[in-house]
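Trainee: Mind walking me through this one?
Mentor: Sure, let's take a look.
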Amino acid sequence: MNKIIHWIRLRNFFDKIKHNLWSGIWFLDPPKDVSLDGYRIDNVIQYTDMVVTIYFGIVVLAMLYFIIKYRSRPGHKAVYDKGDTKKHMSITIMMGLLVFLSIDVVIEGMSFNDLKEAFWKFPKGDKVVKIEIMPQQFAWNFRYNGTDGKFATDDDLIPAQNHMHIPVNTPIVIQIAPYDVIHSFFIPNFRVKIDATPGMINTMWFQATETGKFEIACAELCGNSHYRMKGYLTVESEEEFNNWLQKQDEEGPEDDWGDEDEDNPTRWGWAWKESI
Amino acid sequence: MNNHHNQSFWTKYIFSTDHKVIGKQFLWLGIFFLLFGGFQAMLIRWSLSNNLEALPWWLFGDILYQDSPMGPGIIGPDAYNQLFTMHGTIMIFWAITPILIGAFGNFCIPLQIGAPDMVFPKLNMISFWTMILSSVVLLASYLLPNGTAGAGWTSYPPLSTPVGGIPGLGQTFWTLAITLMGTASLMGAINYITTIVRLRAPGMNYFKLPLTIWGLFLTSILNALFIPIIAAGLIILLLDQVAGTQFLIAGGKATIPGGDPLLYQHVFWIFGHPEVYILILPAWGIVSDLLSVFSRKPAFGYKVTAICMCTITALSGLVWGHHMYTTGMSPLLGKSFMFLTLLISIPSAMFFFNWLGTLWRGALKFETPMLFAMSVMWVFGLGGLTGLYNATITSDIYLHDTYFVVGHFHYTMAASVLFGGFAAIYFWFPKMFGRRMNKLMGKLHFWLSFIPLNLVFFNMMVMGYAGHHRRIFDPSEYEFLKSVLELNDIITTSAFILGVAQILFIINFIYSLIKGKISERNPWKASTLEWTVDTPIPHGNFSSTPIVYNGPHEYSNPRIKDRDWIAQSDSL
């Protein structure tokens, strides 16, 4: 199993196959991957692309062959065959198992492995940058924990809405809970997406490998201006990031959002949830 | 048999208890909403390609959206949200459901199992008129000052509750209409199940049922099991909308603690995933039968196909969590749902293989219903295989809520079910209305639907792969979507061709209804029981209860010399 996964992991190999297959079909490419683990998702998709193409190709070729060979014409008779002999049924069952083993088991193995090794293996330590995100109709609010390293204190830093900055090559852990309705935090260039559901704090991590300015989209319908609920993610060097952070406003837990309920566990500027 | 009493116009055509008339009523209702929902799709495409431009005259730009805040005839973001919400709602619940389940369920079940009518004819009538009531409520929401519902066909709270910021009563009307429609479906489902269990003709055991009946039977079981669940969810939602409760509201807008928006998503998808199979199972059954009829050979591995359909039915109730991988659901649950979802590919692959087996060594006749049935193999093949991406947690993280999902479910639900429905209409039209449909127009309709449909939905998947997220009023808002804007126009053009092609179908339908060639009793030389009765079918169907000797697909049996088929009720 691990060997198969390892073989599939050869990302250059798959990039080559894909390039040869689709060269010229420019639009099949997703946005440039600038994250540490995005290639894992691309690999699963590429493997699935490959087997799906093979299976669908077989079906289409078989159909074409049957259409030509077995078309109704004078002198041609259908064979009275119910396909219910043991031989036929075992071939049918074999087909089911073949699909299961060649597609399901492999992509499930890859997916579980990626979840264990990357997406659900949250980074720990001092180097991790923690960010709290509160989407609202129709903007993104970000909160950094300031000098004391704790949220829900008076030195929390709140940059301008819709502008998120992160340092490159540093693990970023986000916790997200919306103010009003369900939103979804989606950065196409990082292949990551997490819903923001009212009353729940969701968490996710990612790491940038390149600097640049990327778009954040809201992927869950949140009202009439859903389509322009756009944010910007600026990935910069650690030095630039620290300079930027120092210029941001200090602000404590917010109470002018109309959220009077101090017991609300997802009130903007919640205390960081250590174990989710 | 019985029921040969005199009928007035009202009891014969309007408040009829005859399953054939009710079937036709559902068919008219379904076709009306199919055109209505389809027209909305055209408006959606216009808006996506020609953002903030006034509608042209051929999309009724002089009549529609005259009081739009953006200017006369212009679709704004609010109107756009309402369009795709109602397009999804109408297509699923008011177009596909009445055509496949309402029309062909009613028409085929008693005729194919050899029964005089449904077991509860009055319930059948009430079911149709509840459906009409739900349609009235749905259409009434277009008259509301703030327009219809706009929170998507899933209507996730809190967006669909008053705190979500969608003005007016549209969401409330939506909830009421779906609840009424569910009630109608539930009445139909009870009727179908009881009829199939109790009214089968002598000799018609379960493994002699046509696969169409298998599909409708399993669909009805799913309906009976899962509609009560969505009803519970909708009633909670309705209370939040009108009674000030906050079962489904949390976060900064909640004034009462303890609400949970995720509860609705679970309840919705416990119903919502089986709903996909509710829609597609009848289409699978119909396609399996039609492939056999037009290959002039028995359905390959009939029993295996039936058992696979049962297995999928059972699994469909256990996989709803794959719609919710990104909601922050427990990782353990996510893994279980992924495993169960992927299991569905085994029975699906098996019956798909059986479809190919049916064609193998047949004598294929490419009549219009056969073309549509074979195209279902194509579109369902693509739709089913692309489900793998969405079933896998990691690839779904990226593809969830993108056009990839839109393309995928249009292939499975829209294309497969629509083409299955067209196959059924072309196939049973001679028995329903006693006339043949025009062959040339039928084939033209097929090619003008099949090619543009693929251009539309395949390109949608490509766009989703490029990261294009769903329900976006103006895709040019995003820099990373610039590369697919060109594709957007290709889709729009194809969608318009697809839309215009359906006019051909309507012309063919109405022309054949009035002027079509009078059909013989069994034009397709099919062996199921509905072809043994007279056309037009008398009230009470069979002159004497048929006795069933053969399986549903007795074609090219070497023991019969003079013809290549034998009816189920003919003894060898």
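Mentor: It's a predicted model, where local features need pLDDT of at least 70, side-chain atom pairs count only at pLDDT 80 or more, and totals for chains, interfaces and linings use all residues. Residues are numbered from 1 along each chain as its sequence is written, with chains lettered from A and ligands numbered from 1 in the order in which they are written.

Trainee: Which domains does the assignment give for chain A?
Mentor: Such bounds come from an automatic or database domain assignment. Here the assignment gives domain 1 (2-119) and domain 2 (129-250).

Trainee: How many residues of domain 2 of chain A are in contact with domain 1 of chain A?
Mentor: Contact means that C-beta atoms, placed from the backbone, lie within 7 Å. Nine residues of domain 1 of chain A take part, and on the domain 2 side the count is 11.

Trainee: Over in chain B, what should helix H5 (residues 170-198) span?
Mentor: Helices are DSSP runs of H or I with at least four residues, strands E runs of at least two, numbered from the N terminus. Expected span is 1.5 Å times one less than the number of residues. H5 of chain B has 29 residues and its end C-alpha atoms are 42 Å apart, which agrees with the expected 42 Å.

Trainee: How many residues of strand S6 (residues 183-187) of chain A are buried?
Mentor: Buried takes 20 or more other C-beta atoms within 10 Å of a residue's own, exposed 12 or fewer, partly exposed in between, with C-beta atoms placed from the backbone. His183(A), Phe185(A) and Ile187(A) point one way, Ser184(A) and Phe186(A) the other, and all are buried. That's five of five.

Trainee: Which residue in S7(A) stands opposite His183(A)?
Mentor: Strands pair if DSSP finds at least two bridges between them. S6(A) and S7 (residues 192-196) of chain A run antiparallel, joined by five bridges. The residue opposite His183(A) is Ala196(A).

Conventions
Contact = placed C-beta atoms within 7 Å.
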